[in-house]
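Work through the exercises below with the coordinates open. Try each task before reading its solution.

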Amino acid sequence: MSIQLSWPGGFHEDCELIIFDKDGTLVDFKSVWLNMAAARAQRLADHLSKNSAELFAWRNRFLRALGVNPETGEISLQGPIVNLSFEAQSYCLATLLHTMLPEKYNWEQALSLTDNAIDWALSHNDPAMLAEPLPGAFEFIKEISKSHVKMALITSDSTENAKRTLARFGVLDYFSEVMGSDISPSKPSPRAVSMVCNKIGVTPSRTILIGDAPNDIKMAQGAKIPVICIEGIGNKKNLLEIGATAVIKNWDELKFNTKDKHEGLVLRTDGASRGNPGKAAIGFVITDLQGNYIKRYGEPIGVCTNNVAEYSALIKGLEKVVPMQPEELMIELDSDLIVKQIEGKYKVKEETLISLHSKAVKLLKKLTGKYKIAHIPRAKNFEADKLCNLALDLNRVVS
């Protein structure tokens, strides 16, 4: 199932998966990590001095090293507290300690001390219980769950803390995947998005990320998916400057419409290779049963054989039509070989086609309605063929 997710000034037409950040997006960032930073800074300061003035000075130094203004409690959008996991922040604190007291603490001693401060802070503070929800965040999740769109969470917190936080607010079961900093690849690697998409079975083109910080933007940009940011630690101007697709102040600015389920659709696909192998392209057309156009698409795909192009066209067309979940789907193409292989009448012997055949079959299994695949003469498949050749001639996507 897919939705149209919209926000002021834009929309995602065909969204099948939403990936959320946690802190600053679903829960108030300061409620968790400002308290944790203060506890750790205090613990380190207590270890270094018993003099109240020195203790106060050390506490403030540690907070500034994390990107926190100790006087105002304001947090830097570019600071370690926003951009590093709680554990990784130890390196910043250890660097400060070793730099200021090199004769007393070598690097290993400094890092050991700052790591111990993490254990102490965690033993005296529970991040899941400290979390305060952002207004409307969990209400949005509960509403979006009714559309059956998939949801996942990628956070710089640990997976355990993230799951306990979601469970506390009664939404853990709505998430297909929860990935913390202890799971590799972790945020901000775009491979984290790829891993989630692969596990859930949704292509990145049907995925959107909702976050609040530079790491969310960096991860989304690397994965080439849109990223909507919530204003909080970062303001609209700064978040847009570093690449956010859009910035909203409140969760109620996000709207969604469930895509209508079609009674019946027709998918016609075609692939062409000039040279076999040679420069190739794909094309497909989706119409309703009355012949009204829903989607037309053509795309160059590099150098390959005719059969690879035919399979690629079928897969691309299915990726578009499967989320629409028609009650009946008629698939038509002018490659008799591909049709008989999909029907199971011919074995797939060519090694380069085995994985493509498997992918097409997996997509077909996602259809909840009936489908039929049939061979048609090229003359009847003229529009998909035309889109193919136009994409080849222009060397760009056409629709």
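**Exercise 1. Find the residue just after helix 10 and give the sign of its phi. Then decide whether helix 10 is enclosed by the rest of the structure.**

Solution. The model is predicted. Step 1: go to the end of helix 10, residues 214-223. Lysine 224 comes just after helix 10, and its phi is positive, about 60°.

Step 2: count burial. Buried means under 20% relative accessible area. In helix 10, 7 of the 10 residues meet this, so the helix is largely enclosed by the rest of the structure. The buried ones are Pro214, Asn215, Asp216, Ile217, Met219, Ala220 and Ala223.

Step 3: identify the cover. Among the elements over these buried residues are helix 3 (80-83), helix 9 (190-200) and helix 11 (236-241). Strand 4, strand 6 (207-211) and strand 7 (227-230) also contribute to the cover.

**Exercise 2. Which strand order does the open sheet of 6 strands have, and which strands stand at its edges?**

Solution. Step 1: trace the pairing. The order is 5-4-3-6-7-8, and the strands pair in parallel.

Step 2: look at the ends. Strand 5 (177-179) and strand 8 (246-248) each have a single partner strand, so one side of each is left without a neighbour in the sheet. Ignoring direction, neighbouring strands are turned by 20° against each other on average.

Step 3: inspect one edge. Strand 4, residues 150-154, pairs with strand 5 over 3 bridges, in the parallel sense. Isoleucine 154 has methionine 179 of strand 5 as its bridge partner. Helix 8 (residues 159-168) packs on the sheet here, touching both strand 4 and strand 5. The direction of helix 8 makes about 135° with that of strand 5.

**Exercise 3. Place serine 158 and list its contacts beyond four places in sequence.**

Solution. Step 1: serine 158 sits in the loop between strand 4 and helix 8. Step 2: a polar atom of the serine 158 side chain lies 3.1 Å from the backbone nitrogen of asparagine 161. Step 3: skip neighbours within four places in sequence. Serine 158 then contacts Gly180, Ser181 and Asp182.

**Exercise 4. Which residues touch the most other members of the largest nonpolar core?**

Solution. Step 1: this core has 64 residues. Ile18, Phe20, Leu26, Phe62, Ile81, Phe175 and Trp251 touch the most other members. Step 2: ask where members come from. Helix 1 (residues 29-48) gives the largest share, 10 residues.

Step 3: take phenylalanine 175. Leaving aside neighbours within four places in sequence, its contacts are Phe20, Leu26, Ile141, Met151, Ala152, Leu153 and Leu166. Step 4: a second, separate core has 29 residues, including Val321, Val322, Ile338 and Ile342.

**Exercise 5. How many disulfides are there, and why is cysteine 197 not bonded to cysteine 15?**

Solution. Step 1: a disulfide needs sulfur atoms within 2.5 Å. The count is 0. Step 2: for cysteine 197, the closest cysteine sulfur is that of cysteine 15, 10 Å away, too far for a bond. Step 3: check accessibility. Cysteine 15 is at 0%, so it counts as buried. Cysteine 197, at 2%, counts as buried too.

**Exercise 6. Describe the hairpin of strand 11 and strand 12.**

Solution. Step 1: strand 11 (residues 278-288) and strand 12 (residues 293-304) pair antiparallel over 10 bridges. Step 2: glycine 283 stands opposite glycine 298 in strand 12. Step 3: 4 residues lie between the two strands, and glycine 291 in the turn has a positive phi of about 90°.

How values were computed: Residues numbered from 1 in each chain as written. Predicted model: local features only at pLDDT ≥ 70, side-chain atom pairs only at ≥ 80, totals over all residues. Heavy atoms only, no water. Pairing = 2+ DSSP bridges. Axes fitted to C-alpha atoms, helices over the stretch in contact; angles between N-to-C directions. Contact = heavy atoms within 4.5 Å. Core = buried A, V, L, I, M, F, W, Y, C linked by side-chain atoms within 4.5 Å. Buried < 20%, exposed > 50% of the residue type's maximum accessible area, 1.4 Å probe, protein only. Polar contact = N/O pair within 3.5 Å; in protein donor to acceptor, adjacent residues only side chain to side chain.
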